[in-house]
Amino acid sequence: MSLLEQLKFDAQGLLPCITQDAATGEVLMLAYMNAEAVENTLKTGKVHYYSRSRGRQWLKGESSGHFQLVRQIRYDCDGDCLLIQVEQIGAACHTGRHSCFYSRWEGDQVAIEGAPTVDATALYARTDILDAVYHVIQDRRRNPTEKSYVHSLFTKGLDKILSKVGEEATETAVAGKGGDRDELIYELADLQFHLLVLQAWYDLPPERVYAELRRRFGQSGIEEKQSRTQ
């Protein structure tokens, strides 16, 4: 009997997976797997997950090199949750910390445990700068600093974020009309940053936009718009 036959996936074909440091017992992260991710984890000895936001399977460490090497796999009494003990290469968390569970609630405030062990921003920026910036934005949103511009936008709410997107779009259009390439690049970067803030408000990582662009790739723009109105 195979491992898959022991497991009970939900209506979306997923089940949660808790990942634990085999050496210390520290809980590193929680993510989801589909049947394909389980199979590839067994086949390769490296943990694969399924990203609900991206809508695809992914190998932990495919961008960062911070792989999780399987040491033991357990499942609970109902077969609807996995516990995988791993040897963690590098950091488990995208912030560069060893564990994703670095925020501790202390009565009426959050305490942050430990500093990043790797420069995750620089690491992820080498492969996907938009994704790297998006995750920094989400980190500022959840763990604000006193002078965080990002946190101030989230505190002021969606209308403020939309206002900034509109403002930056106008400034980009003006720069485009002006013909100064350096100025246009600067304004495009400002616009892209605020678009990422808007995406973060809705928890939409860049991969979701990439997926939509892939879907449209090779289609006539006119036909694609017509298909949306039918």
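**Partly exposed or buried: salt bridges and a helix pair**

At 29% relative accessibility, R56 counts as partly exposed in this predicted model. Its salt-bridge partner is E62, with the closest N and O atoms 3.4 Å apart. E62 is partly exposed too, because its relative accessibility is 38%, which falls between the cut-offs of 20% and 50%.

Now for another pair, E207 and R214. These two form a salt bridge whose closest N and O atoms sit 2.7 Å apart. E207 has just 8% relative accessibility and so counts as buried, whereas R214, at 51%, counts as exposed. The two pairs turn out to be connected: R56, E62, E207 and R214 are linked in a network of salt bridges.

D139 and R140 make a salt bridge as well, and here the closest N and O atoms are 3.7 Å apart. D139 counts as buried because its relative accessibility is 17%, while R140 is partly exposed at 34%. The full count comes to 13 salt bridges.

On to the helices. Two packed helices are described by the angle between their axes and the distance between the axes. For α5 (residues 149-156) and α7 (residues 181-201), the axes come within 11 Å and cross at roughly 50 degrees. An angle from 35 up to 65 degrees is neither roughly parallel nor roughly perpendicular, so α5 and α7 are oblique to each other. The crossing of α5 past α7 is right-handed. On the α5 side, the contact is made by Y149, V150, L153 and F154, which meet F193, H194, V197, A200 and W201 of α7. Sorted by class, that contact has eight nonpolar residues, one polar residue and no charged ones.

Conventions:
Residues are numbered from 1 along each chain as its sequence is written. This is a predicted model: local features need pLDDT of at least 70, side-chain atom pairs count only at pLDDT 80 or more; totals for chains, interfaces and linings use all residues. Side-chain values use heavy atoms; hydrogens and water are left out. Axes are lines fitted to C-alpha atoms, for helices over the stretch in contact, and angles run from 0 to 180 degrees between N-to-C directions. Helices (H or I, at least four residues) and strands (E, at least two) are DSSP runs, numbered from the N terminus. Angles under 35 degrees count as roughly parallel, over 145 as roughly antiparallel, 65 to 115 as roughly perpendicular and the rest as oblique. A crossing is left-handed if the near helix is turned anticlockwise from the far one by less than a right angle, and right-handed if clockwise. Contact means heavy atoms within 4.5 Å. Ala, Val, Leu, Ile, Met, Phe, Trp, Tyr, Cys and Pro count as nonpolar, Asp, Glu, Lys and Arg as charged, and the others, Gly among them, as polar. A salt bridge is a side-chain nitrogen of Lys or Arg within 4 Å of a carboxyl oxygen of Asp or Glu. Buried means under 20% relative accessible area, exposed over 50%, partly exposed in between (1.4 Å probe, protein chains only).
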